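Please walk through this structure with a focus on how its helices pack and what lies between them.

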Amino acid sequence: MTTKPLHDVVLIPGDGIGPEIAEATVAILEAAGAPIRWRECLGGVTAMETVGEPLPQATLEAIEATGVALKGPLTTPIGSGFRSVNVALRKHFDLYANVRPAVTILPAARYQDVDLVIVRENTEGLYAGIEHFIGMENDPRAVAESVMLITRYGSRRIVRFAFEYALAHDRRLVTLVHKANILKYTQGLFLEVGRNVAAEYEGRVEFDEKIVDATAMQLALDPYRFDVIVTENMFGDILSDQVAGLIGGLGFAPGANLGERAAIFEAVHGSAPDIAGQGIANPTSLLLAGCLLLDHLEEGEVAARIRAALHRTLQEGAAYTPDLGGSARTAEFAGAVIERLEDTGA
């Protein structure tokens, strides 16, 4: 019998409920036979308390070595000098593409049969963090100013990523979301570049463009008109959370941060310190991020079996955690998914 080679993957359990959902996720992936060798590393408050810094060099070096990581929720320590540990990771590895799929798997979700993807530029826009105060009349903080950084290079590569993603995943439509009617230079450049890139894919992938506020309304009215949405950083942040709300909330929303040097997959919800240590957190977001990780590692068959077992668990109402109206513990939820993996011969 031939043993498949193992993929070395960094695991950052994170803060709050992070270690609990990471333990559940790893248990399910191992039960499914995912060929992964984990390298556990620190980040966030846990790292600050352990080694005195929120993003240790050892963690960065481990991700550099493996090229891939699975990350639980991180809390940015107050006064650490970091605007966000997550942002620091994206900048360090130039993880320019944030991919947030939204697929309905919860029977009680507001919308059934949603299946769309937000592709968000991850390094530019207002989130580039170029901001300062301007002093006036003895008030050094009289005016606060932020710069929306949009480059032709950054716009081109994220729009091209969206079209290539659409082709690779048999998606029919890419919708570019912007605010070029008001922000004529920054958003205008993003739209101009998007149109130029879209022309290269004419006849292969349909293209549409929408203003961001109209997009938000139409997502609430009829999300089925969308397939792949590509947009800049802040709009993508907002719309991806809105889309998560359509399918049951952030607990059902995985995220992937992708670049040329590395790929980091994550639960997109917070660290929920109010329930940390109680063993009642829902691990679905991180588990789905683990499935995205497996897809990235070309272990799609394992990912498909895990998704099927998770879907059965939720559809059958088995082992619902308190956020779903049940009383099951995190480990019980993981056990229910593993049981359904075993039922299918995984």
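Leu324 sits in the loop that joins α10 and α11. In this predicted model, Leu324 has a relative accessible area of 18%, and because the cut-off for buried is under 20%, Leu324 counts as buried. Apart from neighbours within four places in sequence, the residues in contact with Leu324 are Leu106, Phe252, Asn282 and Leu314. Gly251 lies 73 residues from Leu324 in sequence, yet their C-alpha atoms are 9.8 Å apart.

The two helices on either side of this loop also pack against each other. Two packed helices are described by the angle between their axes and the distance between the axes. For α10 (residues 300-315) and α11 (residues 330-343), the angle is about 120° and the axes are 8 Å apart. The two helices are therefore oblique to each other, and α10 passes α11 in a right-handed crossing. On the α10 side, the contact is made by Arg305, Ile306, Ala309, Leu310, Arg312, Thr313 and Leu314, which meet Phe333, Ala336, Val337, Arg340, Leu341 and Asp343 of α11. By class, this contact has eight nonpolar, one polar and four charged residues.

Helix α3 (residues 57-66) shows how burial can be distributed around a helix. Its buried residues include Thr59, Leu60, Ala62, Ile63 and Thr66. They span an arc of only 160° around the axis, so they are on the same side of α3. Ala58 and Ala65, on the other side of α3, are exposed. Among the elements covering the buried residues of α3 are β1 (7-12), β2 (36-40), β3 (68-71), α4 (85-92) and β12 (263-267). Just after α3 comes Gly67, with a positive phi of about 80°.

Notes
Residues numbered from 1 in each chain as written. Predicted model: local features only at pLDDT ≥ 70, side-chain atom pairs only at ≥ 80, totals over all residues. Heavy atoms only, no water. Axes fitted to C-alpha atoms, helices over the stretch in contact; angles between N-to-C directions. Helix = DSSP H or I, 4+ residues; strand = E, 2+ residues; numbered from the N terminus. Parallel < 35°, antiparallel > 145°, perpendicular 65-115°, else oblique. Left-handed = near helix turned anticlockwise from the far one by under 90°. Contact = heavy atoms within 4.5 Å. Nonpolar A, V, L, I, M, F, W, Y, C, P; charged D, E, K, R; others polar. Buried < 20%, exposed > 50% of the residue type's maximum accessible area, 1.4 Å probe, protein only. Arc of directions from axis to C-beta.
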